[in-house]
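Look at the structure below and find the ligand. Then look for the aromatic rings.

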Amino acid sequence: MELWYTEKHTSNLGITMKIKETLTKEKSVYQEMVILDTFEYGKLMLLDGLVMLTEKDEFVYHEMISHIPLYSHPNPKKVLIIGGGDGGTLREVCKHPSVEKAVLVEIDDMVIEGAKKYFPECAKGFESPKADVQVTDGIKYIEETEDRFDVIIVDSTDPIGPAEGLFHKKFYEMCKGVLTEDGILVAQGESPFISSMQRVVTSMNKDLEEVFPNVQRYLAFIPTYPSGMWSFVFASKKYNALSDFDKERCEKDSFDLKYYNAEIHQAAFALPNFVKELIK
Ligand code: SAM
């Protein structure tokens, strides 16, 4: 008997994968986590039935959400990651020699433990001496922290459940207060191709533009995310992701990356007309 997992992206379309076995199925107060072993993409983590990451393509998301802001800031020392419980973003952030401290604030310990057990490649981020892992709500952390950060990365689930507040203008205003004078915020920004997500793409840009002087959207190709076309938003007080991109540092570092490079950094900000239309 063949076993297949299907995530419906719309009521008429989805992604389907043949699975070897179910490795775990657990529930926390926040969400349900299922980890499957698939034939094509290796291990797959689902939260509330939605693909969070697979072993085979996680590098795209994690490299693109991390290195774009870190090479746009001249000297990022303190980085805050909201969400990101699989550890992949932490792994990428900690590669930068300038980064002295990376605080990861994940609401759900179940995700961290699941990643440690089933996604060791991502979870090696947790082993870095620079990592400071806090299990609490990112909104509460931002409200209460007295720390200031050069870069904040919002590596969250979709804007439903515990992540909903991470997509509000009020949250962006609080982030601005926690950023240093020349700080940068990057957030995962949903798919501009999926009609039910287009509203979020538009409202994120609008809200961020009301809070930050510079807002730029960029794209990456992530095979297992809805439509494969994924977006991120770069919002900053001072730096422009293109004109302040430290190409020299980027080319000098040899992090052995699989997706991100200097050409991708620049090309990722070239937007198709329909995306420009959504955020104009
Ligand atoms: N790459 C993924 C994606 O876009 O599909 C994101 C994966 S990561 C596992 C998202 C994490 O954000 C989850 O582990 C979830 O528990 C966490 N999260 C959601 N809301 C949060 C909040 N308010 N504070 C902190 N973490 C939160």
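The paragraphs that follow deal with the ligand and its surroundings, and then with the aromatic pairs.

This is a predicted model, in which local features need pLDDT of at least 70, side-chain atom pairs count only at pLDDT 80 or more, and totals for chains, interfaces and linings use all residues. Residues are numbered from 1 along each chain as its sequence is written, and side-chain values use heavy atoms, with hydrogens and water left out.

The ligand is surrounded by 24 residues, where a residue counts as near if one of its heavy atoms lies within 4 Å. Gln31, Glu106, Asp137, Gly138 and Tyr225 are the closest. By type, the shell has 11 nonpolar, 8 polar and 5 charged residues; Ala, Val, Leu, Ile, Met, Phe, Trp, Tyr, Cys and Pro count as nonpolar, Asp, Glu, Lys and Arg as charged, and the others, Gly among them, as polar.

Which atoms of tyrosine 225 lie 2.7 Å from a nitrogen atom of the ligand? The partner is an N or O atom in the side chain of tyrosine 225. At proline 162, a backbone N or O atom is 3.0 Å from a ligand nitrogen. For alanine 163, a polar backbone atom lies 3.4 Å from a nitrogen atom of the ligand.

Turn now to the rings. The structure contains 10 aromatic pairs, meaning rings of Phe, Tyr and Trp (its six-membered ring) with centres within 6.5 Å. In one of them, tyrosine 218 and phenylalanine 232 have ring centres 5.1 Å apart and planes at 15°, so the pair is stacked; planes under 30 degrees apart count as stacked, over 60 as edge-to-face and the rest as tilted.

Key: A polar contact is a pair of N or O atoms within 3.5 Å; within protein, one must be able to donate a hydrogen and the other to accept it, and residues adjacent in sequence count only if both atoms are side-chain atoms.
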